[in-house]
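Visitor: Could you take me on a close look at the sheet in this protein? I would like to see how its strands are arranged and what packs around them.

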Amino acid sequence: MSPRRPLHADRPRAARHGRHGRLGRSEVVRPPLAPLDGRLDRFEITVGSAVEFLRSAWEELREVTFDITAMPTHDRDDGIPRWRVDHAARRVSLYRVPIERMLPKGHDDALHRRIAIESAVFHAAAEYVGREPWELGPEIRDY
């Protein structure tokens, strides 16, 4: 009987395991995700927190869908719309670009952008409910 020879003697053998037996395995924990700090992310978070507050205060708004769209597809006589209310579909569409970009000069910073976003959400919700925006707080509601 002849001595056994390896099947692939001419090829160098690749290391199957690293120093601690873990070579070639994926990491157990993925690298941390980048923080949500983009303009779109901040817009969505601001809208979401305002809508959550309004839904907790007004039962009429709990089943309403709030959409975020970049630009309106229609014109209004009084200028570029910042939101659209559709009672039949129970939908409020907020237009991100007009809300963010049409701020007065000198007011284009993070605080004023947040105020403009929250103001648009409150105005759109007030139009949907048929009230004034300052009447949407929970302490002013007449039961």
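Guide: Three strands make up an open sheet, in the order β1-β3-β2, and their pairing is mixed. β1 (65-69) and β2 are the edge strands, each with a single partner, so one side of each has no neighbour in the sheet. From one strand to the next the twist averages 15°. Helices and strands here are DSSP runs numbered from the N terminus (H or I of at least four residues for a helix, E of at least two for a strand), and two strands count as paired if DSSP finds at least two bridges between them.

A word on what you are looking at: this is a predicted model, in which local features need pLDDT of at least 70 and side-chain atom pairs count only at pLDDT 80 or more, while totals for chains, interfaces and linings use all residues. Residues are numbered from 1 along each chain as its sequence is written, and side-chain values use heavy atoms, leaving out hydrogens and water. The protein has a mean pLDDT (the predictor's confidence in each residue, from 0 to 100) of 82, and 74% of its residues reach 70 or more. Among the elements, strand β3 (residues 91-95) has the highest mean, 96, and helix α2 (residues 96-101) the lowest, 92.

Now for the pairings. β1 and β3 run in the parallel sense over five bridges, with I68 opposite L94 in β3. On the other side, β2 and β3 pair in the antiparallel sense over four bridges. There, L94 in β3 is the bridge partner of W83, and R84 stands opposite S93. The hairpin of β2 and β3 has four residues between the strands, and in it R90 takes a positive phi near 55°.

Let us follow the side chains next. In a regular strand they alternate between the two faces of the sheet. Strand β2 (residues 83-86) shows this: W83 and V85 point to one face and are buried, while R84 and D86 point to the other and are not. Buried means under 20% relative accessible area, exposed over 50%, and partly exposed in between, using a 1.4 Å probe and protein chains only. In β3, four of the five residues are buried, so this strand is largely enclosed by the rest of the structure.

What does the enclosing? Helix α1 (residues 39-57) lies across β1 and β3, running at about 160° to β1. Helix α3 (residues 110-129) packs on the sheet too, touching β1, β2 and β3, and its direction makes about 25° with that of β2. For these angles, axes are lines fitted to C-alpha atoms (for helices over the stretch in contact), and values run from 0 to 180 degrees between N-to-C directions. Contact means heavy atoms within 4.5 Å.

Finally, look at the largest nonpolar core, which has 25 residues; V47, L61, F66, V92, L94, I99 and V121 have the most contacts inside it. Such a core is a set of buried Ala, Val, Leu, Ile, Met, Phe, Trp, Tyr and Cys residues joined through side-chain atoms within 4.5 Å. α1, β2, β3 and α3 each supply at least two of its residues, and α3 gives the most, with eight. L94 is also among the residues that I99 touches, as are F43 and A116.

Technical notes
Lists of a residue's contacts leave out its neighbours within four places in sequence.
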